[in-house]
Amino acid sequence: MEIEKPKEKYDQLISDGYCVVEDVLKDDMILQLRSVTDALLDAQTEDQLAATRSSGSMISVYMHSLFSELVIYPRALLALDALGFLRPKFSSGYVISKPPKSPPLFWHQDWWGWNDPCSYTALPQQLFLMYYLVDTTPHNGCLRVIKGSHLNRHPLHDILPNAHGAELQRVDNIDHPAFQHHNGEIDISVNAGDLVIGDSRLLHASHSNESDERRTVITLWYHPFFALLPEPMQAHIGRMRQKLEWSDEDWNRIEQLNPDYQGDIEPLQWNRTPGPELK
Ligand SMILES: O=C(O)CCC(=O)C(=O)O
């Protein structure tokens, strides 16, 4: 597979906080992922659905072996390689699915390492790789992002409470600013199987799903420069894996992407809120 304009994509990812690599998943993988995610989603209870009305269902990728194959999907690793991420590591991921006629996902960013000074530099500590399993548009809940917000403060940074607050998840108040439109937001509509790569610090959200079909995305978290991260950050990442349903064979499959930390430094404290250093 030839990645088109890898250097331009790299520049966009570093400066804007995201880029899109088209046509990464082959049809047979999309079909398998749809079938596995549909079965997991059909098993969700009403209570589970109500607790995550905004994001839609959130199911760990450690709940099914197929996702370990997605973690090392050769065309995705080729894309990372073409962007210059030669030794990426993997830490976790979720199946996130918006049911038909469901509300928007609130604005948030996902970075937890704001206590470390490197979080205020251009170094991408953690990337999301998002695979949408259906074509997306604003009508069925496509992704929205605020370009450059991984490196620059935006008014939303000061408005958002606890980034994944239970009230926002339940959509207690749809008039909250976290559900509104904001300066600089752009829609990212993709085709099923395209790969959206983004910096975990980027402010992002999604539109409501007004369609009659489920809109599922699989988000996987990678660390493109794991070996260059400060040791306390490596130590935290090294502890993120969960056993759940993956077998030893699944773990062996992703061994090359295992974020192994052998030192004895204390893990960095988890902090989802950027400090005043973010200007
Ligand atoms: O549901 C979406 O479109 C975005 C999911 C998301 O925000 C995330 O995985 O962090």
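## A friendly tour of two sheets and a ligand shell

In strand 10, L220 is the residue that G93 stands opposite. That pair is a good place to start in this predicted model, and the strands around it lead on to the rest of the fold.

**Around strand 10**

Strand 3 (89–98) and strand 10 (215–223) run antiparallel to each other and are paired over nine bridges. On strand 5 (127–132), L129 also stands opposite L220 in strand 10. Strand 5 and strand 10 are antiparallel too, with six bridges between them. How many of the nine residues of strand 10 are buried? Eight of the nine are, so strand 10 is largely enclosed by the rest of the structure.

**The six-stranded sheet**

Strand 10 belongs to an open sheet of six strands, in the order 1-8-5-10-3-2, with antiparallel pairing. At its edges lie strand 1 and strand 2 (57–60), each of which pairs on one side only. From one strand to the next, the twist averages 20 degrees. At the strand 1 end of the order, four bridges join strand 1 to strand 8, and these two run antiparallel. One of the residue pairs here is V21 with its bridge partner L195 in strand 8.

Helices pack on this sheet. Helix 1 (residues 6–16) touches strand 1 and strand 8, and its direction makes about 150 degrees with that of strand 1. Helix 2 (residues 27–42) touches strand 2, strand 3 and strand 10, and its direction makes about 70 degrees with that of strand 3.

Helix 5 (residues 74–82) has three names to look for: its buried residues are A76, A79 and L80. They span an arc of only 100 degrees around the axis, which places them on the same side of helix 5. The spacing fits a general pattern: an α-helix has 3.6 residues a turn, so residues three or four places apart point the same way. What covers these buried residues of helix 5? The cover includes strand 1 (18–21), strand 5 and strand 8 (195–199). Just after helix 5, G84 takes a positive phi of about 95 degrees.

**The four-stranded sheet**

A second open sheet has four strands in the order 4-9-6-7, again with antiparallel pairing. Strand 4 (105–108) and strand 7 (185–188) are the edge strands, each pairing on one side only. Neighbouring strands in this sheet are turned by 20 degrees against each other on average, direction ignored. Strand 6 (residues 143–146) pairs with strand 9 in the antiparallel sense over three bridges, and L143 has S206 in strand 9 as its bridge partner.

I188 sits in strand 7. Because 19 other C-beta atoms lie within 10 Å, I188 counts as partly exposed. Leaving aside residues up to four places away in sequence, I188 touches V20, C142, L143, V145 and V196. Q48 is 140 residues from I188 along the chain, and the C-alpha atoms of the two are separated by 28 Å.

**The ligand shell**

Which residues surround the ligand? They are I96, L105, D110, F128, L143, H204, S206, V217 and T219. Sorted by class, the shell has five nonpolar, three polar and one charged residues. Strand 9 (204–206) and strand 10 each supply at least two residues of this shell. L143 and S206, bridge partners, are both among the residues around the ligand.

**Positive phi in two loops**

Most residues other than glycine have a negative phi. Here are two residues other than glycine with a positive value:

| Residue | Phi | Loop |
|---|---|---|
| K101 | about 50 degrees | between strand 3 and strand 4 |
| L244 | near 40 degrees | between helix 8 (231–238) and helix 9 (248–253) |

Is K101 buried or exposed? With 10 C-beta neighbours inside 10 Å, K101 counts as exposed. L244 counts as exposed as well, because it has 10 C-beta neighbours inside 10 Å.

Methods: Residues are numbered from 1 along each chain as its sequence is written. This is a predicted model: local features need pLDDT of at least 70, side-chain atom pairs count only at pLDDT 80 or more; totals for chains, interfaces and linings use all residues. A residue is near a molecule or strand if its C-beta atom, placed from the backbone, lies within 6 Å of it. Ala, Val, Leu, Ile, Met, Phe, Trp, Tyr, Cys and Pro count as nonpolar, Asp, Glu, Lys and Arg as charged, and the others, Gly among them, as polar. A residue is buried if 20 or more other C-beta atoms lie within 10 Å of its own, exposed if 12 or fewer, and partly exposed in between; C-beta atoms are placed from the backbone. The arc is that of the directions from the helix axis to the C-beta atoms. Two residues are in contact if their C-beta atoms, placed from the backbone, lie within 7 Å. Two strands pair if DSSP finds at least two bridges between them. Axes are lines fitted to C-alpha atoms, for helices over the stretch in contact, and angles run from 0 to 180 degrees between N-to-C directions.
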